[in-house]
Amino acid sequence: MRGKKPVSELKVAVPAQETPVDKFLTASGTFKDGELRLNQSGLRLISEENVDDSEETKLKVEDVQLSMDDLEMDQVIGKGSGGVVQLVRHKWVGTLYALKGIQMNIQESFRKQIVQELKINQATQSPHIVLCHQSFYHNGVIYLVLEYMDRGSLADIIKQVKTILEPYLAVLCKQLTLDSTLIIQILEGLLYLHHERHVIHRDIKPSNLLVNRKGEVKISDFGVSAVLASSMGQRDTFVGTYNYMAPERISGSSYDYKSDIWSLGLVILECAIGRFPYIPPEGEGWLSFYELLEAIVDQPPPSAPADQFSPEFCSFISSCIQKDPAERMSASELLVSIARDISISE
């Protein structure tokens with residue numbers, strides 16, 4: 001184990017304040033938002049009928065696996081408008097984690113996103129989703145202790161290698177095991193979110209798909225995700241990254257889990273061809289993001305070049321990037337289709 005380094009103080013970039021964090025604190029310093037309770041001991045979700053202000057801050061100490069005192073900073077690995085992500089090391093066993101710190105003197109909409117992310121992380125257990133080991137609230141900052149994905153994101157990979165070869169994306173690949181392919185892993189993660197957790201991610205993009213050295217690809221960042229009452233539910237709100245947003249979401253129509261499938265199709269095609277699939281008019285860049293949104297809604301969807309990729313890969317992309325969501329396959333249908341193609345090829 002390396003020698004101990006001095007523990008660096010967490011420094012967080014603070015956006016404009018809208019609602020004082022004191023509004024959400026109990027007398028003992030527990031952060032409270034609806035049924036969520038968060039303090040130095042950890043996180044607890046309390047059902048509405050069982051909320052008792054005299055008991056709400058008594059989190060189960062026996063359930064806690066980590067504390068802030070167990071961690072020391074290694075380096076900053078990411079920054080955003082709400083705070084920073086640091087690589088931290090467990091002082092006693094040397095395990096690495098990604099520590100996400102969010103300053104809570106923030107806009108109301110951003111606070112709601114953080115609370116949503118905490119709730120989804122608390123309930124999520126899947127090998128295809130980045131694991132949240134623990135979360136804390138301390139001195140105005142919410143911390144999430146996340147699984148460290150040591151190869152960064154798909155966005156980082158694309159910058160390094162420009163394109164990812166089809167065998168590693170692998171709709172149909174005999175060289176790799178079925179579960180090792182990038183597409184299968186992401187689809188399994190989406191299947192879990194959609195059918196087990198009833199969650200629409202709403203922000204599937206290269207930077208939210210993280211990779212480790214074992215070749216595992218996992219879905220992260222649930223700040224703008226939506227929880228539906230059932231697997232047949234629909235939403236009509238407009239949040240997420242515009243570039244990868246499905247046409248029905250851009251046009252303000254109701255949408256469901258298949259909006260994530262559109263985003264996945266664009267991400268996989270971008271990995272394969274090395275650029276964002278929508279091309280601006282020749283000789284020009286996009287004049288504004290509105291022009292790009294109009295192209296997504298009005299133009300035919302992009303496709304994988306048939307002379308560069310297998311028929312199975314082209315079919316997969318087409319099945320994802322259907323402008324009519326009724327014609328778009330679900331995660332479960334795509335997995336069945338891939339399994340059938342592999343069976344036929346053997």
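User: Which strands form the open sheet, and in what order do they stand?

Analyst: The open sheet of this predicted model holds five strands in the order β4-β5-β6-β8-β7, with antiparallel pairing. Strands (DSSP runs of E, at least two residues) and helices (DSSP runs of H or I, at least four residues) are numbered from the N terminus. Residues are numbered from 1 along each chain as its sequence is written, and side-chain values use heavy atoms, with hydrogens and water left out. As the model is predicted, local features need pLDDT of at least 70 and side-chain atom pairs count only at pLDDT 80 or more, while totals for chains, interfaces and linings use all residues.

User: How do you know that β5 and β6 pair?

Analyst: Two strands pair if DSSP finds at least two bridges between them. Seven bridges join β5 (residues 83-90) to β6, and these strands run antiparallel; the definition is therefore met. One of the bridges has Arg89 with Leu96 of β6 as its partner. The two strands form a hairpin with five residues between them, and Gly94 in the turn has a positive phi of about 85°.

User: What makes β8 a partner of β6 and of β7?

Analyst: The bridge counts do. β6 and β8 (residues 141-147) are joined in the antiparallel sense over seven bridges, with Lys100 opposite Leu144 of β8. β7 and β8 are also antiparallel, over six bridges, and there Tyr137 stands opposite Ile142 of β8.

User: Why is the sheet of five strands called open, and which strands stand at the edges?

Analyst: In the open sheet of five strands, β4 (71-79) and β7 (132-138) stand at the edges; each has a single partner strand, so one side of each lacks a neighbour in the sheet. Neighbouring strands are turned against each other by 25° on average, direction ignored. This angle is taken between axes, which are lines fitted to C-alpha atoms (for helices over the stretch in contact), and such angles run from 0 to 180 degrees between N-to-C directions.

User: Why is β6 described as mostly covered?

Analyst: Buried means under 20% relative accessible area, exposed over 50%, and partly exposed in between (1.4 Å probe, protein chains only). In β6 (residues 96-103), seven of the eight residues are buried.

User: How do you know whether Ser259 is buried or exposed?

Analyst: Ser259 lies in helix α6. Its relative accessibility is 2%, so Ser259 counts as buried. Contact means heavy atoms within 4.5 Å, and Ser259 touches Ile200, Ala246, Glu248, Arg249 and Arg328, not counting residues up to four places away in sequence.

User: What makes the buried residues of α7 line one face?

Analyst: In α7 (residues 289-298), Leu292, Leu293, Ala295 and Ile296 are buried. Seen down the axis, the buried residues fall within an arc of 155°, so they line one face of the helix; the arc is that of the directions from the helix axis to the C-beta atoms. On the other side, Tyr290, Glu294 and Asp298 are exposed. The buried residues of α7 pack against α5 (247-250) and α6 (258-273).

User: Why are Lys162 and Thr163 placed in classes of accessibility, and which classes are they?

Analyst: Both belong to the loop between α2 (154-161) and α3 (166-169). Lys162 has 54% relative accessibility and so counts as exposed, whereas Thr163, at 32%, counts as partly exposed. Lys162 also has a positive phi of about 75° although it is not a glycine. Most residues other than glycine have a negative phi. Thr163 and Ala272 are 109 residues apart in sequence and 5.4 Å apart in space, C-alpha to C-alpha.

User: How do you know how many disulfides there are?

Analyst: A disulfide is a pair of cysteine sulfur atoms within 2.5 Å. By this rule the count is zero. Among the cysteines, Cys132 is buried at 15% relative accessibility, and Cys320 is buried at 0%.

User: What is the mean pLDDT of the protein chain, and which element has the lowest?

Analyst: pLDDT is the predictor's confidence in each residue, from 0 to 100. The chain has a mean of 75, and 65% of its residues reach 70 or more. Among the elements, β12 (residues 226-227) has the lowest mean, 46, and α6 the highest, 95. Over residues 1-17 the pLDDT is below 50, and this stretch has 39 contacts in the model beyond near neighbours in sequence. Where pLDDT is low, the predicted coordinates should not be read in detail.
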